[in-house]
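Let us walk through this fold step by step. Keep the structure open as you read.

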Amino acid sequence: MAYQMKLRFLFAGFVVLGSLRVDGEGLGAQRPEKAPEQSAARSGSQYRGGLVTPPLPKPRFTLTDTSGAPFDFWAKTQGSVTLLFFGYTRCPDECPLHMANVAQSLQQLPTGLGDQVKFVFVTTDPARDSPKALRAWLNGFDKRFVGLTGSEAAIEAAQKTTGVPPATKTMRPGSGVDYAVGHANFVLAYTKDNLAHVIYPGGITRQDWAHDLPQLVKETWSSR
């Protein structure tokens, strides 16, 4: 689909691999030109994430939550602002940073606003992120966070449906068995119209989330 190609194009550089962040400047990579209809610039925008035009449709996929029940992503997130992130619990830096920033910002929202936001975390390391381990890790940030797992094939399909580059494994030097997981380092924010108008890459701060979340909850996009 066209929107998937645009998403990959814009965020091809925002990937983390273990503690190594590949941002389009390292490893001899070149930074891709920005698609003209999309902008991640903060100036001139009331949002501190990257605005995406046209917005990205909310994907349809079903995985398994940490209680073992099927979780239909489309159906279970209707009427909410939904933050979707693909990562893994052993990620040493970017995953816990995203999680902590969102959790702290949600906890500071006025009563009633925070209940309109759902954070859905999909593990990209189902072999090591058991439902129990995933639930315990998420609870360390916010017990309301939804954790999803499934087979590697199902998770890869969910990433492709979303338009996110599938995660990859790389063996850690000298470990023999341990590996790092390279995954997309951005959070997609679907508003109540079931579209992601804003995406949050690595580098977004707690203050940025605190600024944007109330606006995302109230946003109608009717005047844009």
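Six helices and twelve strands make up the secondary structure of the protein. The model is predicted. The chain has 224 residues, and 48% of them count as buried. About 10200 Å² of surface is accessible, and carbon and sulfur atoms account for 55% of that area. Take contacts between residues at least 6 apart in sequence: 70% of them join residues at least 24 apart.

Start with strand S11, residues 186-190. How many of its five residues are buried? Five of the five are, so S11 is largely enclosed by the rest of the structure. Now look at the side chains. In a regular strand they alternate between the two faces of the sheet. In S11, Phe 186, Leu 188 and Tyr 190 point one way. Val 187 and Ala 189 point the other way. Residues on both sides are buried. Buried here means under 20% relative accessible area.

Which strands pair with S11? One is strand S6, residues 81-87, which runs antiparallel to S11 and is joined to it by three bridges. Find Thr 82 and follow it across: its bridge partner in S11 is Tyr 190. Another is strand S12, residues 195-201. S11 and S12 are also antiparallel, and five bridges link them. Here Ala 189 stands opposite Val 198 of S12. So two residues of S11 can serve as landmarks: Tyr 190 for the pairing with S6, and Ala 189 for the pairing with S12. S11 and S12 form a hairpin with four residues between the strands. In that hairpin, Asn 194 takes a positive phi near 65°.

Move next to strand S4, residues 62-65. S4 and strand S5, residues 70-72, run antiparallel and share three bridges. Thr 62 has Asp 72 of S5 as its bridge partner. This pair also forms a hairpin, with four residues between the strands. Which residue in the hairpin of S4 and S5 takes a positive phi? It is Gly 68, with a value near 95°. S4 pairs with strand S8 too, residues 146-149. Two bridges join S4 and S8, again in the antiparallel sense. Look for Thr 64, which stands opposite Thr 149 in S8.

Turn now to a helix. Ala 133 lies in helix H4, residues 131-139. Is Ala 133 buried, partly exposed or exposed? Its relative accessible area is 33%, so Ala 133 is partly exposed. The cut-offs are 20% and 50%, and partly exposed lies in between. Thr 89 is 44 residues away from Ala 133 in sequence. In space, their C-alpha atoms are 8.2 Å apart.

Finish with empty space. Rolling a probe the size of a water molecule over the atoms shows where such space is left. The second largest pocket has a volume of about 180 Å³. What lines it? Helix H5 (152-162) and strand S9 (168-171) each supply at least two residues. H5 gives the largest share, four residues. The lining includes Glu 152, Ile 155, Glu 156 and Gln 159. Thr 168 and Lys 169 are also among the lining residues, as are Thr 124, Pro 126, Pro 166, Ala 167 and Val 181. By class, the lining of this pocket is mixed: five nonpolar, three polar and three charged residues.

Methods
Residues are numbered from 1 along each chain as its sequence is written. This is a predicted model: local features need pLDDT of at least 70, side-chain atom pairs count only at pLDDT 80 or more; totals for chains, interfaces and linings use all residues. Side-chain values use heavy atoms; hydrogens and water are left out. On a 1 Å grid over the protein atoms alone, a cavity is a set of points where a 1.4 Å probe fits but cannot get out, and a pocket is an open set with protein on both sides within 12 Å along at least five of seven lines; lining residues have an atom within 4 Å of a point. Grid points are joined across faces, edges and corners, and a volume is the space filled by probe spheres set on the points. Ala, Val, Leu, Ile, Met, Phe, Trp, Tyr, Cys and Pro count as nonpolar, Asp, Glu, Lys and Arg as charged, and the others, Gly among them, as polar. Buried means under 20% relative accessible area, exposed over 50%, partly exposed in between (1.4 Å probe, protein chains only). Contact means heavy atoms within 4.5 Å. Accessible areas come from the Shrake-Rupley method with a 1.4 Å probe; for residues, only the protein chains shown count as cover. Two strands pair if DSSP finds at least two bridges between them.
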